[in-house]
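Biologist: Can you walk me through this one at my bench? I'd like to start with whatever vocabulary we need.

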Amino acid sequence: MSKARELAELGAVYDSGALSNRNLVINGAMQISQRTTSDSSISDNEFVCDRFSLRTSNAGWYGAEQSTDAPTGFSHSIKFESTGANSPAAGAYIFFTQKIEGFNSAHLEFGTSNAKTITISFHIKSSLTGTFGGSVRNSAQNRSYPFSFTISSANTWEYKTVTIAGDTTGTWIGSTNGIGLDVIFNLGSGTNNQGTAGAWAAAGYLKPTGAVNLVETSGATLFFTGLQLELGTEATPFEHRSFADELQRCKRYYQRIGDPSNTQRVSDTFGWTTAIILPAFLWPVEMRATPSFSPSDGTGGRIEGNVAANSTSISSNVLSKQGGTLVVNTSGLTEDNPYMFSMAATYYLQLDAEL
Amino acid sequence: MNVTSAQYQGEVILAVIDGETLSVPQDPNNRHYAAILEWVADGNTIEEAD
């Protein structure tokens with residue numbers, strides 16, 4: 001690209017008001033995987049790389065993993081692999097998506113006459129070639145823009161861009177913690193979920209008509225990384241944020257408390273009864289909404305004081321965006337006696353406030 | 001999401017969703033609580049606390 005061209009594109013980006021924090025996508029470089037790095041049989045609503053929800057009406061039709069196969073300038077991608085040669089029913093939904101929070105997309109002004117143009121860019125590699133696609137969808141799933149792109153060479157990283165004029169109609173969530181917009185990439189959705197590419201539709205389409213379905217070819221693979229969604233008509237170079245910055249952003253939606261290598265003493269408390277302690281926590285990062293809580297198991301908690309005992313079960317009875325109180329069950333405690341709550345290595349508490 | 005049971009516990013609901021036991025807050029912006037509300041709309045009942 002010539003310097004003159006680069007300057008012209010920079011000018012266009014500046015006019016759009018997005019020289020920094022351009023990328024509305026979190027973890028677009030697939031570096032963060034707090035939950036797991038691999039699952040060979042995906043069920044609906046699973047996550048491998050943070051913030052990318054793996055959706056499927058047909059559990060087990062594909063696997064996913066965080067991969068180190070990546071294009072120049074990237075260290076990771078997410079890999080999908082079809083587990084069979086399956087034919088999706090008309091109503092099937094099989095795709096991966098990132099839901100962008102309304103607070104982060106309100107400035108796009110979708111649903112108004114001031115709706116802004118957006119550009120989506122990404123790197124992709126597949127064992128299949130042909131016309132692939134996805135869509136941009138609103139939270140009510142009654143407005144969508146199916147888009148298509150071509151993979152020309154098998155097993156070769158390719159860079160794609162899609163520019164979309166903002167939707168001037170429909171209802172789009174503005175500045176709230178709900179779903180601002182949903183960026184979707186198809187893996188095998190059925191014909192009921194497809195629409196004409198390159199146009200807004202009053203439906204919640206997941207893909208353009210005729211797009212390749214990965215799940216129809218046994219062993220077919222698709223690698224994906226470098227997803228950027230930005231305001232404006234130009235695809236700028238991927239905005240690499242620091243690992244720490246990206247992790248903090250992910251933790252607004254999901255976070256784990258626990259050290260996989262060391263025992264952690266995490267809270268001082270006292271015997272609420274002879275069988276319960278109620279350790280209180282402040283989450284490391286305030287969450288998008290009040291999170292759901294679950295422990296990795298019920299018995300990895302440790303209570304230490306005038307006795308030392310393992311927990312028999314752990315739940316919560318008070319949760320907020322900023323913290324919560326656990327209900328740790330055991331036996332043999334002394335009421336009102338001080339106790340320390342600790343967690344064994346590999347044990348963790350998980351908080352989920354995903355969109 | 002597949003909700004199979006739900007019971008109040010303090011301010012939250014102890015629920016089994018997709019085979020996992022979760023403490024779910026009564027926050028309409030929480031996706032698990034939204035799933036529980038759909039489950040209730042289908043005719044199911046959240047059990048009272050013990």
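Modeller: Buried means under 20% relative accessible area, exposed means over 50%, and partly exposed is in between, with a 1.4 Å probe and protein chains only as cover. This is a predicted model, where local features need pLDDT of at least 70, side-chain atom pairs count only at pLDDT 80 or more, and totals for chains, interfaces and linings use all residues. Residues are numbered from 1 along each chain as its sequence is written, chains are lettered from A and ligands numbered from 1 in the order in which they are written, and side-chain values use heavy atoms, leaving out hydrogens and water.

Biologist: Okay, chain B then. What percentage of its 50 residues is buried?

Modeller: Buried residues account for 42% of the 50 in chain B.

Biologist: And what secondary structure does chain B have?

Modeller: Chain B has 1 helix and 3 strands, running β-β-β-α from the N terminus. Those are DSSP runs numbered from the N terminus: helices are H or I with at least four residues, strands are E with at least two.

Biologist: What's its radius of gyration?

Modeller: Chain B has 10 Å, which agrees with the value near 10 Å for a compact globule of 50 residues. That radius is taken over C-alpha atoms, and the globule rule is 2.2 Å times the number of residues to the power 0.38. Along the principal axes, the C-alpha atoms of chain B fill a box of roughly 25 × 20 × 20 Å.

Biologist: How much area does chain B expose?

Modeller: About 2700 Å², with carbon and sulfur atoms supplying 44% of it. The areas are Shrake-Rupley values with a 1.4 Å probe, and for residues only the protein chains shown count as cover.

Biologist: Switching to the cores. How many residues does the largest nonpolar core have?

Modeller: It has 45 residues, and Phe80(A), Ile120(A), Phe185(A) and Phe224(A) have the most contacts inside it. Strand β14 of chain A, residues 221-231, gives the most to this core, with 5 residues. A nonpolar core here is a set of buried Ala, Val, Leu, Ile, Met, Phe, Trp, Tyr and Cys residues joined through side-chain atoms within 4.5 Å. There's also a second, separate core of 20 residues, which includes Phe281(A), Met287(A), Tyr339(A) and Leu349(A).

Biologist: What does Ile120(A) touch?

Modeller: Skipping residues up to four places away in sequence, the contacts of Ile120(A) include Val136(A), Phe147(A), Val183(A), Phe185(A) and Leu227(A). Contact means heavy atoms within 4.5 Å.

Biologist: Which strand of β11(A) and β9(A) partners is Val136(A) facing? I mean, what is the bridge partner of Val136(A) in β11(A)?

Modeller: In β11(A) the partner is Val183(A), and in β9(A) Val136(A) stands opposite Tyr145(A). Next along, Arg137(A) is opposite Asp182(A) in β11(A).

Biologist: How do β8(A) and β9(A) connect?

Modeller: They form a hairpin with 6 residues between them, and Gln141(A) in the turn has a positive phi of about 60°. The two run antiparallel and are joined by 8 bridges; strands count as paired if DSSP finds at least two bridges between them. In β8(A), 6 of the 8 residues are buried. For β9(A) 6 of the 8 are buried, so it is largely enclosed by the rest of the structure.

Biologist: In what order do the strands of that 6-strand sheet go?

Modeller: The order is β2-β3-β6-β11-β8-β9 in chain A, an open sheet with antiparallel pairing. β2 (46-47) and β9 (144-151) are at the edges with a single partner strand each, so one side of each has no neighbour in the sheet.

Biologist: And the sheet with 4 strands, what's the order there?

Modeller: β16-β24-β20-β21 in chain A, open and antiparallel too. Within chain A, β20 (301-304) and β24 (338-343) pair over 4 bridges, and Ile303(A) stands opposite Phe341(A) in β24(A).

Biologist: Last one: is Ser311(A) buried or exposed?

Modeller: Buried, because its relative accessibility is 2%. Ser311(A) lies in the loop between β21 and β22 (313-319) of chain A, and its contacts beyond four places in sequence include Gly298(A), Ile303(A) and Val328(A).
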